[in-house]
Amino acid sequence: METLSITQWAEEDRPREKMMSLGAAALSNAELLAILIGSGSPGESAVELMKRVLNDCNNNLNTLGKMSINELTSSRYRGLGPAKAVTILAACELGKRRQLEKAEERPRMDSADAIYEYMHPRMQDLAMEQAWALLLNQNFGLIRAMQISQGGISGTAVDVRVVLKEALLNNATVIALCHNHPSNNTTPSGDDNRLTQRLQKACETMSIYLLDHVIVTDGKYYSYRENGKI
């Protein structure tokens with residue numbers, strides 16, 4: 001029976017497309033390795049080739065990592081040249097090094113003071129207003145800090161839709177908003193209050209927790225939560 005190349009497979013079965021739609025965890029070891037090598041041989045797809053290699057390793061990735069370039073490029077594995085063999089072994093080495101490293105600790109943003117200490121160095125010398133969104137996980141660990149707008153001396157426009165979009169894309173369940181006042185006056189403006197209200201309503205609709213809106217100046221801050229405004 002003629003073997004179909006991966007390009008002839010249904011799109012949802014191709015390793016690259018499958019990974020993009022379902023994530024890496026949905027792929028088998030052979031499919032992940034097939035993405036690395038890119039192609040097999042005229043009579044064997046990359047997935048089938050890697051299934052054979054893994055079978056010879058008792059389907060054990062540790063055993064695969066111990067193979068030499070000469071073993072992987074032997075005549076038994078037609079379609080595996082030195083470049084592909086090096087790619088496979090490099091991936092195995094990265095996996096080993098990842099195991100040796102500790103998971104990166106996320107900065108904890110569970111209070112206005114923590115938010116201020118994190119954002120103050122980024123905002124203390126700004127001559128114009130900037131607004132930032134801190135995207136957090138359910139334990140208030142920082143996933144990502146992102147600037148969402150920049151304006152003039154007395155204000156900056158924030159699109160609430162952009163904030164929520166980024167929160168959803170980053171799987172954030174908690175949001176903190178932060179902006180600076182170059183005037184060094186921590187008193188919130190009417191626009192600041194209206195923005196906070198809009199963001200709070202939008203977060204409630206999307207089941208996202210609005211932790212705080214913090215106004216940063218050089219040496220002090222204003223917290224909507226600490227002042228009972230959230």
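Which loop does Asn58 lie in? Asn58 sits in the loop between α3 (46-56) and α4 (61-65), and we come back to that spot in one of the views below. Keep in mind throughout that this is a predicted model.

**View 1. Helix α1 meets helix α2.**
Here we look at helix α1 (residues 15-22) and helix α2 (residues 29-37), whose axes come within 9 Å and cross at roughly 115 degrees. With that angle, α1 counts as roughly perpendicular to α2. The crossing of α1 past α2 is left-handed. On the α1 side, the contact is made by Pro15, Arg16, Lys18 and Met19, and on the α2 side by Glu31, Leu32 and Ile35. Sort these residues by class and you get 4 nonpolar, no polar and 3 charged.

**View 2. A closer look at Arg16.**
Staying with helix α1, we pick out Arg16, which lies in this helix. How accessible is Arg16? Its relative accessibility is 48%, so Arg16 counts as partly exposed. Setting aside neighbours within four places in sequence, Arg16 is in contact with Ile35 and Gly38. As for Glu31, its C-alpha atom is separated from that of Arg16 by 8.6 Å, with the two residues 15 apart along the chain.

**View 3. Helix α2 against helix α6.**
Now follow α2 to another partner, helix α6 (residues 82-100). These two pack at an angle of about 130 degrees, and their axes are 9 Å apart. That angle makes α2 oblique to α6. Is their crossing left-handed or right-handed? The crossing of α2 and α6 is right-handed. Leu33, Leu36 and Ile37 come from α2, and they meet Lys84, Thr87, Ile88 and Ala91 of α6. By class, the contact of α2 with α6 has 5 nonpolar, 1 polar and 1 charged residues.

**View 4. Asn58 and Asn171, two residues with positive phi.**
Most residues other than glycine have a negative phi. Asn58, though not a glycine, has a positive phi of about 55 degrees. Its home is the loop between α3 and α4, and Asn58 is exposed, with a relative accessible area of 68%. Asn171 also belongs in this view: its phi is near 55 degrees, a positive value in a residue other than glycine. You'll find Asn171 in the loop between α8 (160-169) and β3 (174-180). Buried or exposed? Asn171 is exposed, at 64% relative accessible area.

**View 5. Helix α8 alongside helix α9.**
This view pairs α8 with α9, whose axes come within 10 Å and cross at roughly 40 degrees. That makes α8 oblique to α9, and the crossing of the two is right-handed. Which residues make the contact? From α8 there are Val160, Val163 and Leu164, and from α9 there are Leu195, Arg198, Leu199, Ala202 and Cys203. The contact of α8 with α9 has 7 nonpolar, no polar and 1 charged residues.

**View 6. His181 in its loop.**
Next up is His181, found in the loop between β3 and α9 (190-205). His181 is buried, with a relative accessible area of just 9%. A polar atom of the His181 side chain lies 2.7 Å from the backbone oxygen of Asn185. Not counting residues up to four places away in sequence, His181 touches several others, among them Glu129, Pro188, Asp192, Ile215 and Thr217.

In the same view, look for Pro182, which is found in the loop between β3 and α9. Pro182 counts as partly exposed, at 29% relative accessibility. How far is the C-alpha atom of Pro182 from that of Gly43? The two are separated by 67 Å, and these residues are 139 apart along the chain.

**View 7. Thr217, a contact of His181.**
Finally, we turn to Thr217, which lies in the loop between β4 (209-216) and β5 (221-223). Thr217 is buried, with a relative accessible area of 3%. What lies 2.9 Å from a polar atom of the Thr217 side chain? That would be the backbone oxygen of Lys220. Leaving aside neighbours within four places in sequence, Thr217 is in contact with Tyr116, His120, His181, Asn184, Asn185 and Thr186.

Definitions and conventions: Residues numbered from 1 in each chain as written. Predicted model: local features only at pLDDT ≥ 70, side-chain atom pairs only at ≥ 80, totals over all residues. Heavy atoms only, no water. Axes fitted to C-alpha atoms, helices over the stretch in contact; angles between N-to-C directions. Helix = DSSP H or I, 4+ residues; strand = E, 2+ residues; numbered from the N terminus. Parallel < 35°, antiparallel > 145°, perpendicular 65-115°, else oblique. Left-handed = near helix turned anticlockwise from the far one by under 90°. Contact = heavy atoms within 4.5 Å. Nonpolar A, V, L, I, M, F, W, Y, C, P; charged D, E, K, R; others polar. Buried < 20%, exposed > 50% of the residue type's maximum accessible area, 1.4 Å probe, protein only. Polar contact = N/O pair within 3.5 Å; in protein donor to acceptor, adjacent residues only side chain to side chain.
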